[in-house]
Amino acid sequence: MLKLLVVGIGAGNPEHITVQAINALNRADVLFVPLKGESKAELAELRREIIARYVTAPTARIVTFELPVRDAANPSYADGVGDWHDAIARLYVRLIADELGAAGTGAFLVWGDPSLYDSTLRILERVSALGAEFALEVIPGISSLHALTAAHAMTLNRVGEPVLLTTGRRLSEAPLDGDAAVILDGRLAFNGVDGAAYDIFWCAYLGTPDEILIAGRLADVAAEIAAKRAEARARHGWIMDIYLLRRCDGAPLDDNMGPAE
Ligand SMILES: C[S@@+](CC[C@H](N)C(=O)[O-])C[C@H]1O[C@@H](n2cnc3c(N)ncnc32)[C@H](O)[C@@H]1O
């Protein structure tokens, strides 16, 4: 039976890839590499670097493809995403049939971890609904969230405390109450958060030679983050950044050495 491997490749540092992921890539007949437009060529480059460094199987072929673009003009965000995923699913059905035949093994190299704000698994459900039959295997990867906490040498949560995982879009819609990890924020939503009540731990281009780290009281560093972000984005043509907002209201500082709960 045809087999699809969804392989987390880490979020920017080629050394974040796991042994399990390397072994999975070496089982594939075809490695699918999405191209995300000129400005994000560096992202496709990381996938190629990973393949060049770790794939030794002589039969593995790289197949690149252009990802359809989401219609940002659709007034309904959910409908726009749904249509976009349908278009990608139709493309995957074609790619799978053309490149793998009836019994090949294909690998999708997924940025970070496939479970975190990535739609590959959701799209493969649509591929299956379109009639394609395949066995699915998922290999976890180091996510940008965990690369962020490692870069700042900090824990994600405080003792016994929850952490909200959210996006810039959602953060800008409601006041924040507690700690939050924020991903996919093109609108600097931290500017709407009480800068005196929060510390921010921010990072762009995690794990790459261009990594930028800034941490401090939000009120003190928000303008610096905005300026560094704008400058870096203009220079590279794209940016990926992520941050953790932690209330600084006297709640216990991170220390996970306490007794198990
Ligand atoms: C579509 S999500 C994919 C997340 C990915 N699946 C993961 O596990 O990290 C893309 C967002 O992840 C974050 N991200 C991914 N890689 C990053 C990196 N190297 N540096 C900073 N943020 C990153 C950014 O917030 C970016 O907008």
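**Briefing: a side-chain pair, a ligand site and a helix crossing**

The side chains of Asp 199 and Arg 217 form a polar contact at 2.8 Å. The model is predicted. Three topics follow: the surroundings of Asp 199, the ligand site, and the packing of two helices.

**Asp 199**
- Asp 199 sits in strand β8, which spans residues 198–204.
- Leaving aside residues up to four places away in sequence, Asp 199 touches Gly 216, Arg 217 and Leu 218.
- Asp 199 also touches Leu 244, Leu 245, Arg 246 and Cys 248, with the same sequence neighbours left out.
- Arg 217 is thus both a touching residue and the side-chain polar partner of Asp 199.

**Ligand site**
- The ligand has 16 residues around it.
- Ala 11, Asp 113, Leu 116, Ser 144 and Asp 241 come nearest.
- The shell divides into 11 nonpolar, 3 polar and 2 charged residues.
- A polar backbone atom of Ala 11 lies 2.5 Å from a ligand nitrogen.
- A polar backbone atom of Asp 113 lies 2.8 Å from a ligand oxygen.
- For Leu 184, a backbone N or O atom is 3.0 Å from an oxygen atom of the ligand.
- The ligand taken alone exposes 560 Å², and the protein buries 90% of that.

**Helices α3 and α4**
- Helix α3 covers residues 77–100, and helix α4 covers residues 120–129.
- Their axes come within 8 Å and cross at roughly 65 degrees.
- The crossing of α3 past α4 is right-handed.
- From α3, the contact takes in Gly 82, His 85, Asp 86, Ile 88, Ala 89, Tyr 92, Val 93 and Ile 96.
- From α4, the contact takes in Arg 122, Ile 123, Leu 124, Arg 126 and Val 127.
- The residues of this contact divide into 8 nonpolar, 2 polar and 3 charged.

Key: Residues are numbered from 1 along each chain as its sequence is written. This is a predicted model: local features need pLDDT of at least 70, side-chain atom pairs count only at pLDDT 80 or more; totals for chains, interfaces and linings use all residues. Side-chain values use heavy atoms; hydrogens and water are left out. Axes are lines fitted to C-alpha atoms, for helices over the stretch in contact, and angles run from 0 to 180 degrees between N-to-C directions. Helices (H or I, at least four residues) and strands (E, at least two) are DSSP runs, numbered from the N terminus. A crossing is left-handed if the near helix is turned anticlockwise from the far one by less than a right angle, and right-handed if clockwise. Contact means heavy atoms within 4.5 Å. Ala, Val, Leu, Ile, Met, Phe, Trp, Tyr, Cys and Pro count as nonpolar, Asp, Glu, Lys and Arg as charged, and the others, Gly among them, as polar. A residue is near a molecule or strand if one of its heavy atoms lies within 4 Å of it. A polar contact is a pair of N or O atoms within 3.5 Å; within protein, one must be able to donate a hydrogen and the other to accept it, and residues adjacent in sequence count only if both atoms are side-chain atoms. Accessible areas come from the Shrake-Rupley method with a 1.4 Å probe; for residues, only the protein chains shown count as cover.
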